[in-house]
Amino acid sequence: MTDVAQQDVVALLLEQHNQIKTLFNQVSTARGTQKRELFEDLVRLLAVHESAEEEVVHPAARRSINGGDQVVESRLHEEDEAKHALAELYDLGVDHPEFDAKLVSLAQAVVAHATHEEQEEFRYLRENLPADRLSRMAGALKAAEATAPTRPHPGAGESAMANLLVGPPAAVFDRTRDAVRDWRQSQRDED
């Protein structure tokens with residue numbers, strides 16, 4: 001990944017969108033333990049990415065884009081649907097018979113959502129905001145990601161305020177759960 005100091009928020013988000021698309025493809029073709037691990041990576045990336053966008057990008061889009069409120073509300077609705085679908089997939093697990101079909105459906109929705117963001121938000125942010133602000137937003141996005149939950153929390157809300165209030169405690173809980181899960185997995189691998 002490129003150094004954030006040399007990158008603006010749009011470039012950073014486009015890079016993450018590409019990582020998400022790549023992970024969807026990798027999960028869809030993987031099997032067994034590799035599939036589970038890749039799916040956990042995908043869940044973590046999506047949860048962190050969306051939470052940080054809700055805190056940093058959407059508020060700027062509301063203020064900087066003509067009709068920003070409508071654009072952001074549409075994106076938040078898509079994100080809410082994706083959080084519910086992702087949480088359902090997480091609960092099903094990669095071995096469930098419906099997992100692959102539901103993953104395809106989620107991938108299509110997430111890619112459509114990313115395309116909407118790129119066309120309706122990112123392009124206008126880059127056109128309407130000075131380069132130094134976009135660069136500072138990249139730093140703010142990385143800071144928001146550091147305290148973001150690593151799992152979808154569909155009931156927490158999709159606003160910047162909801163993420164600021166619920167995000168850090170949920171992130172601590174999620175990251176603790178991740179560490180325990182990873183430790184348990186390493187213990188099984190040693191046995």
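Here is a short chat about how the helices of this chain pack.

Reader: Before we start, what kind of model is this, and how are residues numbered?
Author: Residues are numbered from 1 along each chain as its sequence is written, and side-chain values use heavy atoms, with hydrogens and water left out. Local features need pLDDT of at least 70, side-chain atom pairs count only at pLDDT 80 or more, totals for chains, interfaces and linings use all residues, and the model is predicted.

Reader: How many helices and strands are in the chain?
Author: Helices here are DSSP runs of H or I with at least four residues, strands are E runs of at least two, and both are numbered from the N terminus. Going from the N terminus, the order reads α-α-α-α-α-α. The count is 6 helices and 0 strands.

Reader: What share of the residues counts as buried?
Author: Buried means under 20% relative accessible area, exposed means over 50%, and partly exposed lies in between (1.4 Å probe, protein chains only). Of the chain's 191 residues, the buried share is 44%.

Reader: Is Q26 buried, exposed or partly exposed?
Author: Q26 sits in helix α1, residues 9-29. Its C-alpha is 7.2 Å from that of L38, 12 residues away in sequence. With a relative accessible area of 34%, Q26 is partly exposed.

Reader: How do α1 and α2 run relative to each other?
Author: Their axes, lines fitted to C-alpha atoms over the stretch in contact, come within 10 Å and cross at roughly 155°, on a scale from 0 to 180 degrees between N-to-C directions. Angles under 35 degrees count as roughly parallel, over 145 as roughly antiparallel, 65 to 115 as roughly perpendicular and the rest as oblique. So α1 and α2 are roughly antiparallel.

Reader: Which kinds of residue make up the contact of α1 with α2?
Author: Contact means heavy atoms within 4.5 Å. Among the residues that meet are L13, I20 and F24 in α1, and L38, L42 and L45 in α2. Ala, Val, Leu, Ile, Met, Phe, Trp, Tyr, Cys and Pro count as nonpolar, Asp, Glu, Lys and Arg as charged, and the others, Gly among them, as polar. The split is 12 nonpolar, 5 polar and 3 charged.

Reader: And what about α2 and α3: how do they run relative to each other?
Author: The axes of α2 (residues 32-64) and α3 (residues 68-92) come within 11 Å and cross at roughly 165°. That makes α2 and α3 roughly antiparallel.

Reader: How do the residues of the contact of α2 with α3 divide?
Author: On the α2 side, the residues include F39, E50 and R62, and they meet a set in α3 including D69, R75 and L86. The contact divides into 9 nonpolar, 2 polar and 9 charged.
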